[in-house]
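Reader: I am new to this structure. Please take me through one part closely, the surroundings of the ligand, and then show me how the rest fits around that picture.

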Amino acid sequence: MAVGLRVFMNPERVDAETIEAFRELPGSNVADCMGRMSGMHSEIRRLSKNGFKMVGSAITVKVRPGDNLMLHKALDMAQEGDVIVVSNGGDRSHSLMGEIMVRHAEFRKLGGIVLDGPIRDIDTIRNLEIPIYATGTTPAGPYKEGPGEINVNITCGGVSLNPGDLVIGDDDGVVVVPREDLEEVLKSSIEFNKKDQSKIVESMAGKLNRSWVDKSLAEKGCEYIDLKAGRKLVSE
Ligand SMILES: O=C([O-])CC(=O)C(=O)O
């Protein structure tokens, strides 16, 4: 096989019911229910219009740094609702897509695109509803020589993912749920979200229980020093 220049076809996809259930949940709650470890880092930011939730099955793309040949192929292969996620070997010097490709993705009703690299044509893309996540912008365009692979394990934004995993994006950023954990994470995220909502209400009313902060500091042996009383050690 041509390792490094391969396209794996027909990956598993997350069912529509699960996708719709996750659409109701903030990505932050979902990430909290996975040990707070499955959120992409903050360099991966939404550069299209805010306020449009992205939830879909991952089509993964590994490109040669700064080259988008395989991303072009993935745009043609992905189905309605799929989210294309691209690893780019850390390159920040060449945009991986611009308005022409984004318009093509929009026309094909893809769920969104997540790039571990920059884009260009931000003047238009910033006003589009299709969720586009990237690390920034540069006018420098991509090469189109390959190699690259579609639907292999990749890392994007510091998170490892496989084709058919669930990708969630909101204004905060992107979270990945491995497909084998979907049921468990959905259940715990719904519970977590309910608790979070009541904490927000309590917080707004000044009724949030803060006792855990002092308890935690006491357990760690934190010292309190009074600056006015000649730097005396005091109890809080
Ligand atoms: O050159 C490319 O492949 C990307 C590009 O500028 C566009 O999509 O507008």
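Author: Start at the ligand. Around it stand Asn-68, Met-97, Gly-98, Glu-99, Ile-100, Met-101, Arg-120, Asp-121, Gly-141 and Pro-142. A residue is near the ligand if its C-beta atom, placed from the backbone, lies within 6 Å of it. By class, this shell holds four nonpolar, three polar and three charged residues. Here Ala, Val, Leu, Ile, Met, Phe, Trp, Tyr, Cys and Pro are nonpolar; Asp, Glu, Lys and Arg are charged; the others, Gly among them, are polar.

A word on the source. This is a predicted model, in which local features need pLDDT of at least 70, side-chain atom pairs count only at pLDDT 80 or more, and totals for chains, interfaces and linings use all residues. Numbering runs from 1 along each chain as its sequence is written. The chain's mean pLDDT (the predictor's confidence in each residue, from 0 to 100) is 96, and 100% of its residues reach 70 or more. For the complex, the predictor gives an ipTM of 0.95 and a pTM of 0.94.

Now the chain as a whole. It has seven helices and 13 strands. These are DSSP runs, numbered from the N terminus: helices are H or I, at least four residues, and strands are E, at least two. Of the 236 residues, 38% count as buried. Buried means that 20 or more other C-beta atoms, placed from the backbone, lie within 10 Å of the residue's own.

Next, the largest nonpolar core. Such a core is a set of buried Ala, Val, Leu, Ile, Met, Phe, Trp, Tyr and Cys residues joined through C-beta atoms within 7 Å. This one has 53 residues, and Ile-84, Val-85, Val-86, Val-114, Val-167 and Ile-168 touch the most other members. Strand 3 (residues 54–63) gives the largest share, six residues. Leaving out residues up to four places away in sequence, Val-167 touches Met-54, Gly-56, Ala-58, Val-83, Val-85, Val-114, Val-174 and Val-176. Contact means C-beta atoms, placed from the backbone, within 7 Å.

Two helices give another view. Helix 6 (residues 182–204) has two buried residues out of 23, so it lies largely in the open. Its 23 residues should span 33 Å at 1.5 Å a residue, and the end C-alpha atoms are 32 Å apart, which agrees. The expected span is 1.5 Å times one less than the number of residues. Gly-206 follows helix 6, with a positive phi near 70°. Helix 7 (residues 211–219) has zero buried residues out of nine, so it too lies largely in the open. Just after helix 7, Gly-221 has a positive phi of about 80°.

Methods:
A residue is buried if 20 or more other C-beta atoms lie within 10 Å of its own, exposed if 12 or fewer, and partly exposed in between; C-beta atoms are placed from the backbone. Two residues are in contact if their C-beta atoms, placed from the backbone, lie within 7 Å.
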